[in-house]
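Trainee: I am new to this structure and would like a close look at a single part of it. Please take the nonpolar core, and then show me how the rest of the chain relates to it.

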Amino acid sequence: MSAKAENASRFDGLKWSIVALLVAVGVGGNTYFSGESLLYRVIALLVLASVAAFIAYRTEKGAAFFELLKGARTEIRKVVWPTRQESTQTTLIVVAFVVVAALILWGLDTLLGWLASMVIG
């Protein structure tokens, strides 16, 4: 491992501590300033989240996570999504099976209830 990579990974714990501190400041500040305008609180939280994300990105695990997100985005672009007609047909088939299953369960419940009342009654 190179000296530069060792130094970078050495400070990862400190960086994650700063990220945790920023999140805690965001939560605490949002609670403390609950009487202030929602717009100002949202802007402050977005700024804190951006700084925390930047610091997290500079860590070894953070960089690996963002690479994973890039890979996932690439894979999503490869997916062949169904057309509107295919989605509608599939949805109708699922609804039909759910209705049939509900009718079967209702019939069984009624039959078993009737049999139980005959035994008890």
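**The nonpolar core and its surroundings**

Mentor: The largest nonpolar core has five residues, namely Val19, Leu22, Ala52, Ile55 and Ala56. Helices α2 (12–32) and α3 each give at least two residues to this core, and the largest share, three residues, comes from α3. As background, nonpolar side chains in soluble globular proteins tend to be buried together. Please keep in mind that this is a predicted model.

Start with Ala52, which sits in helix α3. Ala52 counts as buried because its relative accessibility is 8%, and the cut-off for buried is under 20%. Leaving aside neighbours within four places in sequence, Ala52 is in contact with Val19 and Leu22, and both of these partners are listed in the core. Ala52 and Val19 are 33 residues apart in sequence, yet their C-alpha atoms are 5.0 Å apart in space.

Now look at the core from Leu22. With neighbours within four places in sequence again set aside, Leu22 is in contact with Leu48, Val51, Ala52 and Ile55. Of these partners, Ala52 and Ile55 are members of the core.

Trp16 is a useful next stop. Trp16 is found in helix α2, and with a relative accessible area of 37% it is partly exposed. Not counting residues up to four places away in sequence, Trp16 touches Ala56, Thr59, Lys61 and Gly62. Ala56 is one of the core residues, so this contact leads from Trp16 to the core. Ile55, another core residue, is 39 residues from Trp16 along the chain, and the two C-alpha atoms are separated by 7.8 Å.Next comes helix α4, which spans residues 60–78. Glu60 lies in this helix and counts as exposed, because its relative accessibility is 52% and the cut-off for exposed is over 50%. Glu60 touches Ser9 and Asp12, not counting residues up to four places away in sequence. By contrast, the C-alpha atoms of Glu60 and Val42 are separated by 29 Å, with their positions 18 residues apart along the chain.

Charged pairs can be followed along the same helix. The structure holds two salt bridges. In one of them Glu67 pairs with Lys70, and the closest N and O atoms are 3.6 Å apart. Both residues lie in α4, three residues apart, about one turn of the helix. Glu67 counts as partly exposed at 49% relative accessibility. A salt bridge also joins the side chains of Lys78 and Glu75, at 3.3 Å from N to O. Lys78 and Glu75 are likewise both in α4 and three residues apart, about one turn of the helix. Lys78 counts as exposed at 55% relative accessibility, whereas Glu75, at 45%, counts as partly exposed.

Arg41 gives a contrast. Arg41 is found in helix α3, which covers residues 38–57. This residue is buried yet has no salt bridge, and the nearest side chain of opposite charge, Glu36, is 7.8 Å away. A salt bridge needs a side-chain nitrogen of Lys or Arg within 4 Å of a carboxyl oxygen of Asp or Glu. Apart from neighbours within four places in sequence, Arg41 is in contact with Asn30, Phe33, Ser34 and Glu36.

Finally, step back to the whole chain. The protein chain has five helices and zero strands, and its pattern along the sequence is α-α-α-α-α. The radius of gyration is 28 Å, well over the 14 Å that the globule rule gives for 121 residues, so the chain is more spread out than a compact globule. Taken along the principal axes, the C-alpha atoms fill a box of roughly 80 × 45 × 35 Å. Of the 121 residues, 8% count as buried. Among contacts with a separation of 6 or more, 59% come from residues 24 or more positions apart. The chain is divided into domain 1 (1–79) and domain 2 (82–120), and the C-alpha centres of these two domains lie 47 Å apart.

Conventions
Residues are numbered from 1 along each chain as its sequence is written. This is a predicted model: local features need pLDDT of at least 70, side-chain atom pairs count only at pLDDT 80 or more; totals for chains, interfaces and linings use all residues. Side-chain values use heavy atoms; hydrogens and water are left out. Helices (H or I, at least four residues) and strands (E, at least two) are DSSP runs, numbered from the N terminus. Buried means under 20% relative accessible area, exposed over 50%, partly exposed in between (1.4 Å probe, protein chains only). Lys and Arg count as positive and Asp and Glu as negative; His and the chain ends are not counted. Contact means heavy atoms within 4.5 Å. Domain bounds come from an automatic or database domain assignment. A nonpolar core is a set of buried Ala, Val, Leu, Ile, Met, Phe, Trp, Tyr and Cys residues joined through side-chain atoms within 4.5 Å. The radius of gyration is taken over C-alpha atoms; the globule rule is 2.2 Å times the number of residues to the power 0.38.
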